[in-house]
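Subject: Structure handover

Hello,

Here is the structure for your files. Please look it over before reading the notes underneath.

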Amino acid sequence: MKTLNLGILAHVDAGKTSLTERLLHTAGIIGEPGSVDDGSTQTDTLALERARGITIKAAVVSFALGDVTVNLIDTPGHPDFIAEVERALGVLDGAVLVLSAVEGVQAQTRVLMRTLRRLGIPVLLFVNKLDRRGADPERVFREITEKLTPTAVTMAPDRVIDLLATLDEDFLTEYLTAPDAFTPSRLRAELTAKVAEGRAHPVYFGSAITGTGIDALRDGIENLLPSKEADVHAPLSGTVFKVERAPGGEKIAYVRLFSGSVAVRDKVPLGDDEGKVTAISVFDNGGAVPSASAGAGRIAKISGLDVRIGDVLGARPPMREARFSPPTLETVVSPVRPADRGPLHQALTRLTEQDPLIGLRHDEVRQETSVSLYGEVQKEVIQATLADEYGVDVTFSETTTICVERLRGTGSAAELIGTSSNPFLATVGLRVEPGSGISFHLEVELGSMPYSFVKAVEDTVRKTLREGIHGWEVRDCAVTMTHSGYYARQSHAHGTFDKSMSSTAGDFRDLTPLVLMAALREAGTTVHEPLHRFTLQTPADTLGPVTALLARARAVPRTTLTKGGTAEIEGEIPAAKTHEVHQLLPSATRGEGVLETAFHGYRPVRGAVPSRSRTDHNPLNRKEYLLRVLRRV
């Protein structure tokens, strides 16, 4: 049987989960469609999802459509969970993008469509909520062609012919000479090919609540999106796109199998390591059912593997590369009960397994843990998850922006073994200079000292660069080891190891931060703040108030175009100000302004340089550092 891994994507409240329920109902999986408002849907299983009526975690459900097994992935629509969407996109064969016939194309709709087209994922569009007051399908179709894709097409035969003629000159020539040769099945085959290439985007209209238009959409899913027979006899190749924990604490990996097969008790390659499969479930008839094995094309839940999201089973699959924008916000999370500090840290560590883009910083001195975020809604999600799943009640500090540091120039420093100022049995010299990413190089001979000592320096360099001169992560830095030296292993007459006379990897780990920070100080660093690219559409007569709002937010408009009474502004805005603009935009535009933002990079901070408290032993303060590391000066 052929398989199709299908994503359902949409802006918040476009009816995405309701459409999923309707598709399951028409496939005979459920007796009646669940209600988002009532919290009775199949895919929104988290308590907070049911309470808020939004999707937070990608969910998988399976059903048969003709001779195709559809693995349907219901993804989050809220921008705060875009990373969850991006992970799901990498395992899709096709997607349905849902729009509201009332609200039409919205900011997140444009972000999703742009991402789908960039990744080359075939897309059908479904204009939902035709049953609602204010529905205007003709206006929404015009918005689709203007704002999403000019190759959108309704399924009327004459419209399909017009689009195919526009896309393919050979088709136009043949159609003009022999129009009778293009039977409905021939036209469908031509359209299917263009959909698979991402050049045509069929549009369907209906209502997930009433069921109107669902049969036509099902036909499009079955016949226009590229389902295929996968090779179960090829070498194993799969990727982990979601991780959850069983009630007993065991990891469960959601794996898209691109080729080959896997069975219970198999030992599967995991990069340079391997793991043993203890249990497998596959999605069938609406739910996950235990299975002895899973083959290519399937999405399987696999237990027994110590994996993280993005890990590869077997050979690396030919999957599309998602581009993860980094979280740009940070907050300190604190337990309500001081006794919960330990359980809180353990719980947060487990949450990062489910979302590796959420970073943790633990300050041992202040006993504080910071988490990085995409938006304010994530605070509520983390708070509810910690309370419901781990029994830990927490509070949050005010959200701050995550900056980075970049080198201004080149700097170097060295500490020599045996000198009075160096209490460590090691020589380390380092030079830092601007580069691309973080890289480590040697100007000393690799055999001049044990490799474990060199590795200790490199590992410590990478760890220390997480907190630069101002406490922010240092980016794009090339580090070269220029000096090295050590004392060989010394033993007493009776053969015992004398640590006081012999260098250890610990000496190099403890000395490296002092040397690296001295080099960074000489080079100097500049703090950069995250920047978002924005597109803002507003009535032309509100351009004055909108321009003033953008100026207060330190935004830099690049282009302004006015067409048909609507102004569109594009430019850059500090990430720290996007939430404020989102909040103030309705009052400045009579509720008609639409702001779309996406991470764009970093720029130097203007004005006062922000700093962040350190979580390490502070190698910028030599006396304090030595007191903490050696318990003496």
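The notes below cover the cores, a sheet and a cavity.

This is a predicted model, in which local features need pLDDT of at least 70 and side-chain atom pairs count only at pLDDT 80 or more, while totals for chains, interfaces and linings use all residues. Residues are numbered from 1 along each chain as its sequence is written, and side-chain values use heavy atoms, with hydrogens and water left out.

Cores. The largest nonpolar core (buried Ala, Val, Leu, Ile, Met, Phe, Trp, Tyr and Cys residues joined through side-chain atoms within 4.5 Å; buried means under 20% relative accessible area with a 1.4 Å probe, protein chains only) has 39 residues, of which Leu6, Leu19, Val96 and Ile221 touch the most other members. Helix H6 (residues 157-167) supplies the largest share of this core, six residues; helices are DSSP runs of H or I, at least four residues, and strands are E runs of at least two, numbered from the N terminus. A second, separate core holds 33 residues, including Ala413, Phe508, Leu514 and Leu520.

Sheet. Six strands form an open sheet in the order E14-E13-E16-E9-E8-E17, with antiparallel pairing; two strands pair if DSSP finds at least two bridges between them. The edge strands, E14 (287-290) and E17 (312-314), each pair on one side only. Strand E13 (residues 279-284) is joined to E14 by four bridges, and Asp284 stands opposite Gly287 in E14.

Cavity. Which residues line the largest cavity? They are Val105, Gln106, Ala107, Arg110, Lys147, Gln537 and Val594. A cavity here is a set of points on a 1 Å grid over the protein atoms alone where a 1.4 Å probe fits but cannot get out, and lining residues have an atom within 4 Å of a point.

Regards

Methods
Buried means under 20% relative accessible area, exposed over 50%, partly exposed in between (1.4 Å probe, protein chains only). On a 1 Å grid over the protein atoms alone, a cavity is a set of points where a 1.4 Å probe fits but cannot get out, and a pocket is an open set with protein on both sides within 12 Å along at least five of seven lines; lining residues have an atom within 4 Å of a point.
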